[in-house]
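Colleague: I would like to know how the labels used for a model like this are justified. Please take me through them one at a time.

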Amino acid sequence: MPQQLTFLGHSVWELKTPEARVLIDPFFTGNPQAAISAGEAQADFIVVTHGHGDHIGDCVEVAKRTGATVISNFEICEWLTRQGVAKTHAMNQGGAFTFPFGRLKLTVAHHSSGLPDGSYGGNPSGLLLTLTSGARIYHTGDTALFSDMTLYAEGGLDVVILPIGDNYTMGTDDALKALEWLRPRRALPTHYNTWPVIAADAERFAQTASETLGVEVTVLKPGQTYAW
Ligand code: NI
Ligand code: MN
């Protein structure tokens, strides 16, 4: 398999390509769904979508231990540097850069991004990835539904990762609308059932997406992998 995505619980994903291990939103400590501990996480790159604690999580510790390069927005990279993280790569919305694993563009996400200590965390991001294999992944990040996300589907999408938990992000109804617009080959739900306030029925969401849209949704349990 040229690439695989492993769900590590709540917002945490590990992308593995032949070139690199990419850890997205390394929130382990205090994450009721965490499939591994912060001390077990491995990464060549860490991508942080925004500053909230359930995303930046254990980033400082994991980056220091592994020596991974952290990719995030400018303000979060500045903050990480002040915490002693040696290698960061700052970007901003609409900008793309070619890394060893492929080309990553930070997309708009309609959300907020304050850091756990109250520092300004810039703007939240989604991730548009074109891997070296040609596979295209759109991870919406924490976001409300917004129609401009259809722009990110141009050229086709192999996988969409999107939140379904409601309250802080899209819920299942808006996530279904997103899939109607995006029409990926595969969708992977995230950011739900971690706490009662974001309870969602992922299996029902998957069934509805398949029956009404013809979009296949794979519901991964923490620790499970989708490879293609
Ligand atoms: Ni958030
Ligand atoms: Mn979140």
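What follows is a talk about the labels and the values behind them.

Modeller: Bear in mind that this is a predicted model.

Colleague: What makes Asp54, His55, Asp142 and His191 donors of the manganese ion (ligand 2)?

Modeller: The cut-off for a donor atom at this metal is within 2.8 Å. The OD atoms of Asp54 and Asp142 and the NE2 atoms of His55 and His191 lie 2.1 to 2.3 Å from the manganese ion (ligand 2), so they count as donors. Along the chain, their spacing reads D-H-x86-D-x48-H.

Colleague: Why can one say that Asp54 and Asp142 tie together parts that are apart in sequence?

Modeller: Asp54 is in helix H1 (residues 53-56), while Asp142 is in the loop between strand E10 (136-139) and strand E11 (159-163); the pair therefore ties together parts 88 residues apart in sequence. Both Asp54 and Asp142 are buried.

Colleague: What are the donors of the nickel ion (ligand 1)?

Modeller: They are His50 (NE2), His52 (ND1), His111 (NE2) and Asp142 (OD), at 2.2 to 2.4 Å from the nickel ion (ligand 1). The 2.8 Å limit applies here too. The spacing of these donors along the chain is H-x1-H-x58-H-x30-D.

Colleague: Why is Asp142 said to bridge?

Modeller: Asp142 is listed among the donors of the nickel ion (ligand 1) and also among those of the manganese ion (ligand 2). The two ions that Asp142 bridges lie 3.1 Å apart.

Colleague: Why is the arrangement around the nickel ion (ligand 1) called irregular?

Modeller: To count as tetrahedral, four donors need all angles between 85 and 135 degrees. To count as square planar, four donors need opposite donors over 155 degrees apart and all others between 65 and 115. The four donor atoms around the nickel ion (ligand 1) subtend angles of 88 to 178°, and the arrangement is therefore irregular. The upper value, 178°, is what rules out the tetrahedral label.

Colleague: Where in the chain are His52 and His111?

Modeller: His52 is in the loop between strand E4 (45-47) and H1, and His111 is in the loop between strand E8 (102-108) and strand E9 (125-131). This pair links parts of the chain that are 59 residues apart.

Colleague: Why are His52 and His111 called partly exposed?

Modeller: Buried means under 20% relative accessible area and exposed means over 50%, with partly exposed in between. His52 has 21% and His111 has 26%, so both fall in the middle class.

Colleague: How do you know that Arg185 and Asp158 form a salt bridge?

Modeller: The limit is 4 Å between a side-chain nitrogen of Lys or Arg and a carboxyl oxygen of Asp or Glu. For Arg185 and Asp158 the N to O distance is 2.9 Å, so the pair qualifies. Arg185 is in the loop between H4 and strand E12 (186-190) and Asp158 in the loop between E10 and E11, so this pair ties together parts 27 residues apart in sequence. Arg185 is exposed at 57%, whereas Asp158 is buried at 16%.

Colleague: How many salt bridges does the rule give?

Modeller: The count is two. Glu180 and Lys177 form a salt bridge with their closest N and O atoms 3.4 Å apart. Glu180 and Lys177 are three residues apart in helix H4, which means about one helical turn separates them. Glu180, at 34%, is partly exposed, and so is Lys177, at 32%.

Colleague: What makes strand E1 (residues 4-9) mostly covered?

Modeller: Five of the six residues of E1 are buried; buried is the class under 20%.

Colleague: How do you know that E1 pairs with E2?

Modeller: Pairing needs at least two bridges. Five bridges join E1 to E2, and the two run antiparallel, so the condition is met. Gln4 stands opposite Lys16 in E2. E1 also pairs with strand E13 (residues 225-227), in the antiparallel sense over three bridges, and there Leu5 has Tyr226 as its bridge partner.

How values were computed: Residues are numbered from 1 along each chain as its sequence is written. Chains are lettered from A and ligands numbered from 1 in the order in which they are written. This is a predicted model: local features need pLDDT of at least 70, side-chain atom pairs count only at pLDDT 80 or more; totals for chains, interfaces and linings use all residues. Side-chain values use heavy atoms; hydrogens and water are left out. Donors are N, O and S atoms within 2.8 Å of the metal (3.2 Å for Na, K and Ca); water is not among the atoms, so sites may look incomplete. Helices (H or I, at least four residues) and strands (E, at least two) are DSSP runs, numbered from the N terminus. Buried means under 20% relative accessible area, exposed over 50%, partly exposed in between (1.4 Å probe, protein chains only). Four donors count as tetrahedral if all angles lie between 85 and 135 degrees; four count as square planar and six as octahedral if opposite donors are over 155 degrees apart and all others between 65 and 115; anything else is irregular.
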